[in-house]
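Me: I should like to learn how to read the features of a protein model. Please take me through them one at a time, with the general idea before the particular case.

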Amino acid sequence: MSRSRSATSVPGVHRRTVLAAAGAVSLSAGVGYALRPTDSQAAGAAEAPVAHSRRAAAAAPLAPYTKGTTLASVAAPRNSSGYRRLGDGPGWKRVVRAELAAPKSGRAGRRATLAAFVQFTDLHLTDVQHPLRLEYLRAHDPHAWRPHEALTVPGAISLVERVNALRGAPVTGAPLHFVMTTGDNTDNNAHSELEWFMTVMSGGRVTPNSGDPKHYEGVHNSGLKLYWQPDSTVRDSDKALGFPHLKGFLAAAIREARSPGLKLPWYSTVGNHDMLPLGCHGSHGDNYLTEAAIGGKKLMTATAAEAKKLQDAVKQATDPKGTGYRDFLKAHARSMRSVTPDEKRAPYTRADYVKAHLDPAHQGVGPVGHGYSSANLDAGTQYYAFRISDDVIGISLDTTDAGGHYEGSIGTAQLDWLARTLKDNKDSYAVVFSHHTSKTMTNTRPDPARPGERRHTGAEVVSVLSAHTNVLAWVNGHIHKNVITPHKASGGRSFWEISTASHVDYPQLARVIELVDNKDGTVSLFTTLIESAAPHRTDYADLSQTGLAALYRELSFNAPGAKKTLAGDPADRNTELVLKKG
């Protein structure tokens with residue numbers, strides 16, 4: 001199969017092609033590698049205006065390099081026990097994986113770059129003062145509340161700074177096309193968090209605070225020993241483990257921060273924490289929960305038995321609409337503490353999410369809508385396709401099940417659209433993006449907006465992808481762990497599933513992915529993990545934006561109950577993944 005045609009001659013998706021997704025979903029032409037304007041057009045509609053990128057033409061490709069990547073250095077503990085301070089550790093080597101094709105000698109001298117991009121995932125920008133948060137589950141599960149969550153915004157800005165400092169793709173030196181964030185961009189499905197996310201990505205000033213504009217109001221200064229009290233001398237459970245006393249921490253955490261915004265175009269894929277209140281409840285129509293979100297009462301304590309019961313209901317999906325959670329809050333009304341009400345904490349809808357991406361205030365370097373278009377608004381969808389380069393298209397899926405629960409699935413209309421898009425663009429390679437992994441798409445609860453439509457599992461998505469020889473990779477997140485899985489089917493149909501760790505749980509990573517044609521009947525996908533730009537070593541006296549980002553990483557390493565295996569095995573980190581050409 002030849003894939004050497006220009007973008008304007010490839011059938012199916014090209015610079016002015018339209019894709020239909022249960023209605024109309026536009027194809028956005030990529031900028032970055034080819035540095036073309038972003039063109040899009042809704043199906044059956046008049047031709048859309050061209051939205052030009054603000055980015056200047058790219059320089060010639062640079063030599064391969066490792067600076068600023070985990071090939072050079074990775075944060076590592078400096079002491080062996082107790083609360084562990086971080087410093088510079090040895091880098092992770094690249095592993096060649098040959099499960100799907102044998103690598104051929106001399107390929108490094110033959111290869112040509114097809115595309116190069118960065119994946120963010122599970123940023124979980126968190127309004128830690130939100131009244132509906134479940135911090136009190138920590139009474140049963142230590143990791144149900146993370147001490148470092150108040151620093152998600154400076155941590156994410158530092159990741160943006162890291163990408164902006166990259167000289168290009170680490171292996172080929174080619175210019176990077178774009179950044180794709182694969183869901184759980186926010187944590188509580190709150191308008192406050194959505195505004196912070198859009199500003200972090202596109203640039204501007206962001207104040208990670210809600211409620212009282214001058215004072216923090218949450219579990220961090222509750223006086224409860226269940227939670228880390230950074231500004232207080234109270235001997236809380238975290239200080240007993242070595243967490244520091246940091247006077248001024250909370251004032252610094254809610255202080256205005258500034259994001260330079262990505263210097264690359266960026267696209268957005270939706271996750272369950274973006275679309276479902278608390279990442280698991282399917283109903284936006286419960287007036288009680290909406291009023292509680294913006295209201296002036298917050299529950300901070302529960303017994304271990306109550307916490308276990310609530311957590312079990314979430315894990316077992318026995319309360320998908322949050323009715324049991326609502327009843328629990330009502331029963332504990334007298335135990336709630338007063339906080340400052342704030343309408344910005346209200347839950348946002350699918351339409352709100354798309355509108356935020358279409359808002360010119362958040363365009364950054366583009367593209368307009370960051371993948372989404374007015375056609376998505378008209379159709380009520382959150383999936384789309386876009387042109388990455390002359391030979392590669394990207395496909396962003398919506399795997400969140402609106403019926404409730406944190407595991408995912410997709411509807412028949414979207415699955416059919418995926419198959420059509422791959423077939424119509426058989427002369428282009430394809431990279432598929434989603435939030436959920438193939439193994440976590442097990443929830444087939446009906447979508448309340450489409451009650452008669454069947455939902456489909458990850459295994460069914462794998463079957464569709466395996467039927468097309470042009471699929472190279474399925475890139476996702478959700479599990480907060482680096483895992484790379486080979487998928488092999490008959491007839492040379494195979495692809496790699498690349499799941500990347502979160503940026504909220506240690507080791508707080510993102511991933512650069514490069515696609516190259518080895519000119520020998522194989523294709524290689526290079527994956528290189530990156531950390532934020534914050535220094536590995538922390539300084540407790542430094543509560544600047546950068547100092548907080550460094551502290552964010554160290555606190556996440558020491559978070560009680562945190563898993564120590566999320567970096568994955570060496571073969572799931574920095575890799576070369578070899579494929580046969582279809």
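**Backbone, rings and spaces**

Reply: Let us begin with a single residue: Asp184 is buried, since its relative accessible area is 2%. The model is a predicted one. Asp184 belongs to the loop between β7 and α3 (191-202).

Me: What is the value of phi at Asp184?

Reply: Most residues other than glycine have a negative phi, and most peptide bonds are trans. Asp184, in contrast, has a positive phi, near 50°. Another such residue is His405, which is not a glycine and has a positive phi of about 90°. His405 lies in the loop between β14 (392-396) and β15 (410-411).

Me: Is His405 buried or exposed?

Reply: His405 is buried; its relative accessible area is 8%, and the cut-off for buried is under 20%.

Me: Which residues does a cis peptide bond join?

Reply: One cis peptide bond joins Gly366 and Pro367, with omega about -5°. Pro367 is placed in the loop between α9 (350-358) and α10 (374-379). Another joins Tyr506 and Pro507, where omega is about 20°. Pro507 is found in the loop between β20 (494-499) and β21.

Me: How many helices and strands does the protein have?

Reply: The protein has 13 helices and 23 strands. Of its 582 residues, 61% count as buried. Among contacts between residues at least 6 apart in sequence, 76% join residues at least 24 apart.

Me: Which residues of helix α6 are buried?

Reply: An α-helix has 3.6 residues a turn, so residues three or four places apart point the same way. In α6, which spans residues 287-294, the buried residues are Leu289, Ala292, Ala293 and Ile294. These buried residues of α6 pack against α8 (323-331).

Me: With which residues is Ser556 in contact, leaving aside its neighbours within four places in sequence?

Reply: Ser556 is part of helix α13 (residues 545-558) and counts as buried, at 1% relative accessibility. Leaving aside neighbours within four places in sequence, its contacts are His148, Val504, Tyr506, Gln508 and Ala562. Tyr506 has already appeared above, at the cis peptide bond with Pro507.

Me: Is Gly521 buried, partly exposed or exposed?

Reply: Gly521 is partly exposed, with a relative accessible area of 37%. Its place is the loop between β21 (510-517) and β22 (522-530). Beyond its neighbours within four places in sequence, Gly521 is in contact with Leu579, Lys580 and Lys581. Gly521 and Leu579 are 58 residues apart along the chain, and their C-alpha atoms are separated by 8.7 Å.

Me: How many aromatic pairs does the structure hold?

Reply: A pair of aromatic rings is described by the distance of the centres and the angle of the planes. The structure holds 19 aromatic pairs. In one of them, the ring centres of Phe178 and Tyr267 are 5.4 Å apart and the planes stand at 85°, so the pair is edge-to-face. The pair links distant parts of the chain, 89 residues apart: Phe178 is in the loop between α2 (152-165) and β7 (179-182), and Tyr267 is in strand β10 (residues 266-269). Both residues of this pair, Phe178 and Tyr267, are buried.

Me: What are the distance and angle for Tyr348 and Tyr353?

Reply: Tyr348 and Tyr353 form a stacked pair, 6.1 Å centre to centre with 15° between the planes. Both Tyr348 and Tyr353 are buried. These two belong to one aromatic cluster whose members include Phe178, Tyr267 and Phe433.

Me: Which charged end sits over the ring of Tyr65?

Reply: The charged end of Arg167 sits over that ring, 4.6 Å from its centre. Likewise, the charged end of Arg573 sits over the ring of Trp92, 4.4 Å from the ring centre.

Me: Which residues lie nearest the centre of the largest pocket?

Reply: The largest pocket has a volume of about 1,100 Å³. Its lining consists of 33 residues, and His143, Arg146, His273, Tyr406 and His480 lie nearest its centre. By class, this lining has 10 nonpolar, 11 polar and 12 charged residues. Helix α7 gives the most to the lining, with 3 residues.

Terms used: Residues numbered from 1 in each chain as written. Predicted model: local features only at pLDDT ≥ 70, side-chain atom pairs only at ≥ 80, totals over all residues. Heavy atoms only, no water. Buried < 20%, exposed > 50% of the residue type's maximum accessible area, 1.4 Å probe, protein only. Helix = DSSP H or I, 4+ residues; strand = E, 2+ residues; numbered from the N terminus. Contact = heavy atoms within 4.5 Å. Phe/Tyr/Trp six-rings, centres within 6.5 Å; stacked < 30°, edge-to-face > 60°. Lys NZ or Arg CZ within 6 Å of the ring centre and 35° of its normal. 1 Å grid on protein atoms, 1.4 Å probe; cavity = no way out; pocket = protein on both sides within 12 Å on 5 of 7 lines; lining within 4 Å. Points joined across faces, edges and corners; volume = space filled by probe spheres on them. Nonpolar A, V, L, I, M, F, W, Y, C, P; charged D, E, K, R; others polar.
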